[in-house]
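Student: I am new to this structure. Please take me through one part of it closely, and then show me what else deserves a look.

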Amino acid sequence: MALQWQLVMVVLLLHEVKGTQVKLNNGGFEDIVLAINPGLSENPKMVDNIKVRLLNAFPIKVEYLLDPEVFHILDSFPSLEKCMYINEISERSDPNQNMKFIYDMVEEASSYLFNATKQIFYFKTVKVVIPITWTPKPEYRRVTKESYEKVSEMHCCCADVIVADPFVKYGDEPYTLQYGGCGEKGRYIHFTPKFMTNDNLISVYGSRGNTSYLNICLRVVEFAVLLLLFFTGRVFVHEWAHLRWGLFDEYNNDAPFYSVGNNKAEATRYKPNSVYLNETKVFEFYDLALLESLGPKVYLSILSICSSDFTGKYIFRTNEGQIRACNIEHHTQLFEVGCEFIPEKTQTTPASIMYMQSLSSVSRINITCSYNLDLLFLYFIQVTQFCDESNHNIKAPNMQNKMCNYRSTWDVIMDSTDFASSSPRSAPPPRPTISLLQTQDRVLCLVLDISGSMNGFDRIYRLRQAGEQFLLQILETGSWAGIVVFNSQALTKTYLKQITGDSVRQTLSAYLPTAAGGGTNICSGIREGFQVFLKKYPSTEGCEIVLLTDGEDAGVSSCFAEVQRSGSIIHTIALGPSAAKELEMLADMTGGLKFSATDSLDSNGLIDAFSGISSGSGDISQQSIQLESKGRQLDRNKWMYGFVSIDKTVGNDTSFVVTWSDSTYPPRIDLSDPKRKTYTQTDFVIDNTNIRTARLKIPGTAEISGSCRPKHLGTHRLRTTDIDGWLNYKDYSYSNKWLCHCCLNSTTASTFREKLFISRSSICINFYFYIFQTGDWTYRILNTHTEVQGVSITVTSRAASATVPPVVVKSYLNRESNMYPNPVVIYAEVSQGFMPVIGANVTAIIESASGKSVQLQLLDDGAGPDILKHDGIYSRYFTFNDNGRYSIKIYAQGKDETVRRARRQSQALYVTGYVENGEIKLNPPRPHPREDEIQANVGNFSRTASGGSFVTTGVPPGNPPDVFPPCKITDLEVELSKDKEFLLSWTAPGNDYDMGKAERYEIRMSENPLELRDATFHNATSLNTSGLIPEFAGVKQSFLYNPENLQRENATSIYFAIRAIDENDNVGETSNIAGVVLLPDNTSPNSSSDKHMPPCIVKATLLLFLIMKTVTLAP
């Protein structure tokens, strides 16, 4: 058994490297998915910008103003194009103007990325997912495995780039959602429609992608060379570096400046020094073989095109609207609060991609050569790159230094698997290609195991309960569904039916199996599922199978090749401890979700698994949201208590479902709404075909806002603007029933007469409607059976409004296959729209295949695996002691006013203005939503979500020794007190990662932060920590260090790092490195500064080589 799991693990590990949605092929990124949110209105301009910029893969236009003989000479050198990295392209008309903006952005980003990564990486293929709500076009193909969103254990969002509205009015900053630490991939890039279409934002964030020109004018008389370079697509490359390589920003909005000496401060950025020439290194970078192939008479001349200053001005805007130079504050030696750096718009110094990506690095370079030179060639290398070890600023207090222990961005990229498997190209990359895909109606088939083993542990009954919940409540309206059952053979119970209402859902539920027997042939069930699809469609591409089985099958691999060719997606549910180990392979090779459920009566795992299979369309208003899911094994006459908080963002189509395992009559159910109206088991509906399930559907919606909505209006909601006059009164005989009298205005009346079934002359109607009671609903369930039985409750609802996003929780793991003793990191993102929800109580329940469960409280405190405090991402380490499958369920609870929305903390740098020809030209002030919009109290809410399943291997038999060290401390900070003492503070780690209490600490300091990394930590100066006792994990600790004989020289920086050790001498990873600048005591009073800010200098050279050959040129 252990060997079989190890073989499965090998396949899963290979899939993690090679089977992700984005693939890397010889430096080219393939299958990048860019998805448009279905809530966006169709916008031809936005789609235009997508497409044109992808078609023009290389945005460099070359114009030769040459004598024909010279042009002929240039053509005679086949290596010229390789030397120059230039493609000559002609003007092209766009056959489809509907994708212009995205095409522009991706195409130019590809060229920019290629040059920035030293001719290694580029964008090769991109798939754009068009919403189903947009007008179909012949060039739109059906989506297969691509989607806007897929929530699972390793896929918080399926699309790499999403285009969607922000939740609040002002929120157009591009950003990348990052869960993990340095070098770990992010979740997605978010662009807003306004960012994609509003050219006014280009000066603020940088180009989405604009046509770049490289004009080479070789005039015969004087051989003057003029280069005009405008490299763009920067924002996309900046965000791609976050997403793909786990880089962090080289700016810090919270600490925009840092002191470098007496009355000297600099902006938090990259290294402020000039370029240096290192001939050997330059030659390592260029293709020497190519240059040498031109012949022995080549003369190389290396000229720097980078100046020593990244120029600009420090300004302060007064309340009167005036501008003055910034002052340096005496006590901090930093610029005053409110100081801004305004860069020169025309820079001759290259900019770092992870800093101010909005600026052009080089605007104009003039080089004049003597006309008697025979011939001139140019070899240009992109000037704006990622900072490397030679020019990375280790003094800046930015996130890149904090998260990556002062490593440069290029160093992190070089450590990636992408870099290890790629090499520089000797020729320009191919033009990016794009596929336009459109979301279609969901097509799904349940393929369910009815072999003999399904009779054990009430599995066949639990399957029917969970399958019914999926068909009646989870599966989206408009979807097509069929049902196949299998044992040793497969049988179609029903072909595809479109869900148009509750009657179709009930019809489908009636086909769920009630009996089991026979052997297990999984492939037969899969093949029969394919035939269900082919009965209606010409292909199985993009269709989904939900495969549930509890048995082993040695022949599963026999249909792997057929499955891969099908283009279908297979979601797998492993029921019980003996389900086939190959299920994970089927899900991985098709891009499906993976779930597992045990036979424990103390969980609701099977219903949770089915509830986690959402469409991923991005239309949250159509998706079922699970509010509560709880299961207990109850003794006779024992109660299960609880409550569920139903907030104002949900309440539409709310359903309470109670299931039980043994008795033929329902348990006692007491359910009370916030107004104390009580529902009992007599109010619940029990289906005669499923006597162990009781359902209660509550009519109404969570928010009416004065509008009147008769039942026969369907999805058409009347607004107050449609009504000339209206009134309503409450019918107290039914606590949420209201009588509404509406008089429609003439325009609305003519539109809705037929839908309202009223006479042509009437414009007034009376009807009842229901308002759903938001707040805490309490429940009590009593086991009235004579024996012990399992009881569960599931509560689901839908969004109250199509325009107001509900609070949702999504789960994610750092890896889906884990080898002992590596820990699993469990993440849960709680958000409303794209805004983080902070202050929630988030818990993860991890259940092994044997039914043992562990409960972990997930934290958003910026410690341990949590990289940012208060970003709405809650996390925790989990260490395991069993091999096999584990399932995860997330609970999120919001109570009182401690729960609120917050800003995204990592966003593209907003450039407030430029200096152009000596004149300061300011961009509009950064728009900020009102604090009450952002930090509004979310209120009480309840959410649960399945986190899928993962597999573990390598746990030794018996009682393995303690091999788990304390986790890395990630929030170390240091301050210099007035008494010249260093105050260090951090969050205590645990004994086993973030659980328990460590045994001791080791703290070291150095003037060189690089010395404090893991490999050289022992070389740094050790501090006496004998009196420092570790606290339990999560407790804030501090340490006061009074140095002896420490010289307070001007601008000397002292750095500290700490690590924890447990009682078995397991040593934790070295913490983040924290530093402080020592300043002399006699600092002068406040002074002003109007100095320029020099940035990181990325070495870039213009190589001029002259071929000594006689050429006769016309005068």
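Tutor: What follows starts with one strand and its core, then moves on to other parts.

Keep in mind that this is a predicted model.

Start at strand β42, residues 824-832. How many of its residues are buried? Nine of its nine are, and the strand is mostly covered. Look along β42 and sort the side chains by direction. Val824, Ile826, Ala828, Val830 and Gln832 point one way. Val825, Tyr827, Glu829 and Ser831 point the other way. Both sets are buried. Glu829 and Gln832 are among these buried residues too.

Now look at the partners of β42. Strands of a sheet pair through backbone hydrogen bonds, either parallel or antiparallel. Strand β40, residues 807-813, joins β42 through seven bridges. The two run antiparallel. Within this pairing, Val807 stands opposite Gln832. Strand β46, residues 873-878, is joined to β42 by six bridges, again in the antiparallel sense. There Ile826 faces Arg876 as its opposite number. Strand β43, residues 835-838, also pairs with β42 in the antiparallel sense, over two bridges. In that pairing Ser831 stands opposite Pro836. β42 and β43 make a hairpin with two residues between the strands. Gly833 in this hairpin takes a positive phi near 65 degrees.

Step back to the loop before β42. Pro821 is found there, between β41 (817-819) and β42. The peptide bond from Tyr820 to Pro821 is cis, with omega near 5 degrees.

Next comes the core that β42 feeds. In soluble globular proteins, nonpolar side chains tend to be buried together. The largest nonpolar core here has 52 residues. β42 supplies the largest share of this core, six residues. Which members touch the most other members? They are Ile826, Val830, Val842, Ile846, Phe878, Ile890 and Phe941. Take Ile846 as a case. Beyond residues up to four places away in sequence, Ile846 touches Ile826, Phe878 and Phe950, among others. Its contacts also include Lys852, Ser853, Tyr886 and Ser887. Apart from this core lies another, of 50 residues. Ile36, Ile120, Val128 and Leu247 are among its members.

Turn to the aromatic rings. The model has 38 aromatic pairs. One of them joins Phe29 and Trp240. The rings meet edge-to-face, 5.1 Å centre to centre, with 65 degrees between the planes. Phe29 lies in strand β2 (residues 28-30) and Trp240 in helix α8 (residues 234-245), so the pair ties together parts that are 211 residues apart in sequence. Are these two residues buried or exposed? Both Phe29 and Trp240 are buried. They belong to one aromatic cluster that also includes Phe121, Phe191, Trp245 and Trp410.

Not far along the sequence from Phe29, look at Asn26. Its place is the loop between β1 (23-25) and β2. Asn26 has a positive phi of about 55 degrees although it is not a glycine. At 60% relative accessibility, Asn26 counts as exposed.

Two charged ends sit over rings. Arg187 places its charged end over the ring of Tyr179, 5.9 Å from the ring centre. Lys677 does so over Tyr679, at 5.3 Å.

Helix α15, residues 502-509, shows how burial can follow one side. Val504, Arg505, Leu508 and Ser509 are buried in it. Seen down the axis of α15, the buried residues fall within an arc of 140 degrees, so they line one face of the helix. These residues pack against α14 (459-474), β23 (480-486), β24 (490-498) and β39 (789-799).

One more sheet is worth tracing. This open sheet has seven strands in the order β7-β21-β6-β3-β8-β10-β9, with mixed pairing. β7 (141-142) and β9 (175-177) stand at the edges, each with a single partner strand, so one side of each is left without a neighbour in the sheet. β7 runs parallel to β21, residues 433-438, and two bridges join them. Arg142 has Gln438 in β21 as its bridge partner.

Finish at Gly775, in strand β38 (residues 775-782). Gly775 is partly exposed, with a relative accessible area of 23%. Leaving aside neighbours within four places in sequence, Gly775 is in contact with Val644, Ser645, Ile646 and Pro674. Gly939 is 164 residues away from Gly775 in sequence, yet 8.9 Å away in space, C-alpha to C-alpha.

Technical notes: Residues numbered from 1 in each chain as written. Predicted model: local features only at pLDDT ≥ 70, side-chain atom pairs only at ≥ 80, totals over all residues. Heavy atoms only, no water. Core = buried A, V, L, I, M, F, W, Y, C linked by side-chain atoms within 4.5 Å. Buried < 20%, exposed > 50% of the residue type's maximum accessible area, 1.4 Å probe, protein only. Helix = DSSP H or I, 4+ residues; strand = E, 2+ residues; numbered from the N terminus. Contact = heavy atoms within 4.5 Å. Phe/Tyr/Trp six-rings, centres within 6.5 Å; stacked < 30°, edge-to-face > 60°. Lys NZ or Arg CZ within 6 Å of the ring centre and 35° of its normal. Arc of directions from axis to C-beta. Pairing = 2+ DSSP bridges.
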